[in-house]
Amino acid sequence: MRSVLLIAMIAALQGAAGVSLAAAAAHVDANPLLATASQFLMIHAGAGLALAALARSEPPMQRWLAAAGLALQAGVTLFSADLAARVYLGGKLFPFAAPMGGGLTIISWIALAIWAAWGLARGRDGAAPGGR
């Protein structure tokens, strides 16, 4: 599934951007918006890589999982880009960019919780086929 590789690629880019913003916040501009954007990017980069690995294992509702993972990354990227734009461009990326990104991030986490609850209700414990 190509979406798995896309999730992993976006997560890697988010990790790189997060480290870059952390360095900028530490050495160039101690603006707390950069620190917040950095934290969001790095935390969700790890989550994105975990979701890519999980989606690759062909769980139930794999498309739901991949869609939630992509939406999560889109939300975090939009939120963090807006925070960075406020520091480097002197204004918002566009009106309501941060709230839209944050809202999409929250909705994505809820979608992931629904995916896991569905798996629990269906009796899926994540075990490999054949009980291995």
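What covers the buried residues of H2? In this predicted model, the cover includes helix H1 (2–27), H3 and H4, where contact means heavy atoms within 4.5 Å and helices are DSSP runs (H or I, at least four residues) numbered from the N terminus. Residues are numbered from 1 along each chain as its sequence is written. Because the model is predicted, local features need pLDDT of at least 70 and side-chain atom pairs count only at pLDDT 80 or more, whereas totals for chains, interfaces and linings use all residues, and side-chain values use heavy atoms, with hydrogens and water left out.

Helix H2 comprises the 25 residues 32–56, and the 36 Å between its end C-alpha atoms agrees with the 36 Å expected at 1.5 Å a residue, the expected span being 1.5 Å times one less than the number of residues. Among its buried residues (under 20% relative accessible area, 1.4 Å probe, protein chains only) are Leu34, Leu41, His44, Gly48 and Leu51. The N-terminal end of H2 is capped by asparagine 31, a side-chain oxygen of which lies 2.8 Å from the backbone nitrogen of leucine 33, while glutamate 58, with a positive phi near 55°, follows the helix.

Phenylalanine 96, in the loop between helix H3 (62–88) and helix H4 (97–121), likewise has a positive phi, of about 70°, although it is not a glycine. Its relative accessible area of 59% makes phenylalanine 96 exposed, a term that applies over 50%.

The chain averages a pLDDT (the predictor's confidence in each residue, from 0 to 100) of 91, and 93% of the residues score at least 70. Over residues 127–132, however, the pLDDT is below 50, and this stretch has zero contacts in the model beyond near neighbours in sequence. Where pLDDT is low, the predicted coordinates should not be read in detail.

Technical notes
Helix = DSSP H or I, 4+ residues; strand = E, 2+ residues; numbered from the N terminus. Polar contact = N/O pair within 3.5 Å; in protein donor to acceptor, adjacent residues only side chain to side chain.
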